[in-house]
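Biologist: Before we begin, I would ask that each reply set out its reasoning and close on the value or name requested.

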Amino acid sequence: MQPPDTFAQQWAAAWNSHDLDRILAHYRPDVRFRSNKALALVGTGEVVGKQALRAYWQAALDHQPALHFTVEEVFVGYRTLVITYTNHRGVRAAETLLFDDQGLVESASACHLP
């Protein structure tokens, strides 16, 4: 796995590019992603698989064309990162990413301030 700060900056840069292939390159084909935002947008709080995640994130990007993330902090655990960031609206959020042995995200959860 690459250095945590490097990964976090590349992760944010991928999001800021709005390039879904670049964003999804960090994730396993069978990734599990949890978010209240997904529940609101696609009707389920857990999105399973890269193709379903692509569909959700495409819908999210379509709804937020100015989307931009600024990394604030990176917390490091065993095969885990928590990236806190501020979005284009000034809302703070945290993404928890769990990695497999190859350094790909196998599970992720997004949490937002209410």
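Modeller: This is a predicted model. A first point concerns W15, which has a relative accessibility of 6% and therefore counts as buried.

Biologist: Is W57 buried or exposed?

Modeller: The limit for burial is a relative accessible area under 20%. The relative accessible area of W57 is 3%, so W57 is buried.

Biologist: How many aromatic pairs are there, and of which kind is the pair of W15 and W57?

Modeller: The count comes to nine aromatic pairs. For W15 and W57, the ring centres lie 4.8 Å apart and the planes meet at 75°. Planes over 60 degrees apart count as edge-to-face. The pair of W15 and W57 is therefore edge-to-face.

Biologist: Which parts of the chain does the pair of W15 and W57 link, and how many residues apart are they?

Modeller: W15 belongs to helix α1 and W57 to helix α4, so the pair links distant parts of the chain by the helix assignment. The separation of W15 and W57 is 42 residues.

Biologist: Of which kind is the pair of F33 and Y56?

Modeller: The ring centres of F33 and Y56 are 6.1 Å apart, with the planes at 35°. Planes under 30 degrees apart would count as stacked and those over 60 as edge-to-face. The angle for F33 and Y56 falls in the remaining class, so the pair is tilted.

Biologist: Where do F33 and Y56 lie, and are they buried or exposed?

Modeller: F33 is in strand β1 and Y56 in helix α4, with their positions 23 residues apart in the count along the chain. As with the previous pair, distant parts of the chain are linked. Both F33 and Y56 are buried.

Biologist: Which residues form one aromatic cluster?

Modeller: The two pairs described above contribute W15 and W57 as well as F33 and Y56 to one cluster. The other members of that cluster are W11, Y27, F69 and Y85.

Biologist: Which residues of the largest nonpolar core touch the most other members, and which element gives the largest share?

Modeller: The core holds 31 residues, and those that touch the most other members are W11, Y27, L53, W57 and L97. Two or more residues come from each of α1, α2, β1, α4, β4, β5 and β6. The largest share, six residues, comes from α1.

Biologist: Which residues does W11 touch beyond four places in sequence?

Modeller: W11 is among the core residues that touch the most other members. With residues up to four places away left out, its contacts are H26, Y27, F69, I83, Y85, E95 and L97.

Biologist: How far apart in space are A14 and G77?

Modeller: A14 is located in helix α1, and its relative accessible area of 0% means that A14 is buried. A14 and G77 are 63 residues apart in sequence. Their C-alpha to C-alpha distance is 22 Å.

Biologist: Which element gives the most to the lining of the largest pocket?

Modeller: The largest pocket encloses about 420 Å³ of space and is lined by 23 residues, with K37, Y56, Q64, L67 and H112 nearest its centre. By class, the lining has 15 nonpolar, five polar and three charged residues. At least two lining residues come from each of β1, α3, α4, β5 and β6. The element that gives the most, with five residues, is α4.

Biologist: Is S107 buried or exposed?

Modeller: S107 is found in strand β6. Beyond four places in sequence, S107 touches V31, R32, R34, T96, L97 and L98. Its relative accessible area is 16%, so S107 is buried.

Biologist: Which value does phi of H18 take?

Modeller: Most residues other than glycine have a negative phi. H18 lies in the loop between α1 and α2 and, at 27% relative accessibility, counts as partly exposed. H18 is not a glycine, yet its phi is positive, near 65°.

Biologist: What is phi of R79?

Modeller: R79 sits in the loop between β3 and β4. With a relative accessible area of 29%, R79 is partly exposed. Although R79 is not a glycine, its phi is positive, at about 50°.

Biologist: Which residues does N87 touch beyond four places in sequence?

Modeller: N87 is in the loop between β4 and β5, and at 15% relative accessibility N87 counts as buried. With residues up to four places away left out, N87 touches H68 and F69.

Note on methods: Residues numbered from 1 in each chain as written. Predicted model: local features only at pLDDT ≥ 70, side-chain atom pairs only at ≥ 80, totals over all residues. Heavy atoms only, no water. Helix = DSSP H or I, 4+ residues; strand = E, 2+ residues; numbered from the N terminus. Buried < 20%, exposed > 50% of the residue type's maximum accessible area, 1.4 Å probe, protein only. Contact = heavy atoms within 4.5 Å. 1 Å grid on protein atoms, 1.4 Å probe; cavity = no way out; pocket = protein on both sides within 12 Å on 5 of 7 lines; lining within 4 Å. Points joined across faces, edges and corners; volume = space filled by probe spheres on them. Nonpolar A, V, L, I, M, F, W, Y, C, P; charged D, E, K, R; others polar. Phe/Tyr/Trp six-rings, centres within 6.5 Å; stacked < 30°, edge-to-face > 60°. Core = buried A, V, L, I, M, F, W, Y, C linked by side-chain atoms within 4.5 Å.
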